Amino acid sequence: MDMDRSGRAMGRRRALGAAGAAGVLISLAPAAGATPETARGLLGSLVKGTAREGRISILAPEIAENGAAVPFTVRVESPMTDADHVRAIHVVAEGNPAPGVASFRLGPLSGRAEVQFRARLAASQRVLAVAELGDGSLWMAARDVTVTVGGCGS
């Protein structure tokens, strides 16, 4: 009888120890970042076609002291008329565990093709923005941001 109780107690202890060890390993494991290929793959799923460089700019600090809230401004050269306007702006970060940062839908009534936001960056990395215009053309820009303290718990 004691053997059963003792055996169960050891089983529970071992199970709890294993669960605790697994929790420690998970918390110590570095967050897997996206690769440039996965980030571009995400962009490929959001837009169809090949993006050209130009007409879009990313304003962000070259060095961000805190990766938890890096300010970004994305501007697209567009008159924002019914005939020529920005339909969407997509932003991805190549080194974040989840590379998708934001997608914005715009129209002629948006006034100007500009979005501002703060993004969490895990580490120093390249951020890409793609603008989809009303005529179906795609425009892309990239910005390297150096992060001194990662914003994703790393």
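This is a short talk on the strands, rings and charged pairs of one predicted protein model.

Before I begin, let me say how the values were made: the model is predicted, so local features need pLDDT of at least 70 and side-chain atom pairs count only at pLDDT 80 or more, while totals for chains, interfaces and linings use all residues. Residues are numbered from 1 along each chain as its sequence is written, and side-chain values use heavy atoms, with hydrogens and water left out.

Let me start with the strands. Strands here are DSSP runs of E with at least two residues, numbered from the N terminus, and two strands are said to pair if DSSP finds at least two bridges between them. As general background, strands of a sheet pair through backbone hydrogen bonds, either parallel or antiparallel.

One sheet in this model is open and has three strands in the order β2-β4-β7, paired in the antiparallel sense. Because β2 (56–59) and β7 (114–119) each have a single partner strand, they stand at the edges, and one side of each is left without a neighbour in the sheet. Neighbouring strands of this sheet are turned by 20° against each other on average, direction ignored; the axes behind that angle are lines fitted to C-alpha atoms, and angles in general run from 0 to 180 degrees between N-to-C directions. Four bridges hold the antiparallel pairing of β2 with β4, which covers residues 70–76, and within β4 it is V74 that stands opposite I58.

Now please look at β9, residues 138–147. Strand β1 (residues 52–53) runs parallel to β9 and is joined to it by two bridges, with R52 opposite W139. Strand β3 (residues 63–64) is also parallel to β9, again with two bridges, and here A64 has V147 as its bridge partner. Strand β8 (residues 125–133), by contrast, pairs with β9 in the antiparallel sense over eight bridges, and L128 stands opposite A142. The hairpin of β8 and β9 has four residues between the strands, and in it G136 takes a positive phi near 90°.

I turn next to the aromatic rings. Rings of Phe, Tyr and Trp (its six-membered ring) pair if their centres lie within 6.5 Å, and planes under 30 degrees apart count as stacked, over 60 as edge-to-face and the rest as tilted. How many aromatic pairs does this rule give? The count comes to two. In one of them, the rings of F72 and F117 have their centres 5.4 Å apart and their planes at 15°, so this pair is stacked. F72 sits in strand β4 and F117 in strand β7, 45 residues apart, so that the pair links distant parts of the chain. F104 and F117 make a tilted pair, with 5.6 Å from centre to centre and 35° between the planes. Taken together, F72, F104 and F117 form one aromatic cluster.

Are these rings buried or exposed? Buried means under 20% relative accessible area, exposed over 50%, and partly exposed in between, with a 1.4 Å probe and protein chains only. F72 and F117 are both buried, whereas F104, at 21% relative accessibility, counts as partly exposed.

My last topic is charge. In general, side chains of opposite charge can pair when their charged atoms come close. A salt bridge is defined here as a side-chain nitrogen of Lys or Arg within 4 Å of a carboxyl oxygen of Asp or Glu, and by this rule there are four of them. In one, E114 meets R75, with the closest N and O atoms 2.7 Å apart. Because E114 lies in strand β7 and R75 in strand β4, this pair ties together parts that are 39 residues apart in sequence. E114 counts as buried at 19% relative accessibility, and R75 as partly exposed at 37%.

Another salt bridge joins E132 to R87, the closest N and O atoms being 3.1 Å apart. E132 is in strand β8 and R87 in strand β5, 45 residues apart; E132 is buried, with a relative accessible area of 16%, while R87 is partly exposed, with 34%. D144 and R126 also meet in a salt bridge, at 3.0 Å from N to O. Since D144 lies in strand β9 and R126 in strand β8, that pair ties together parts 18 residues apart in sequence.

Thank you for listening.
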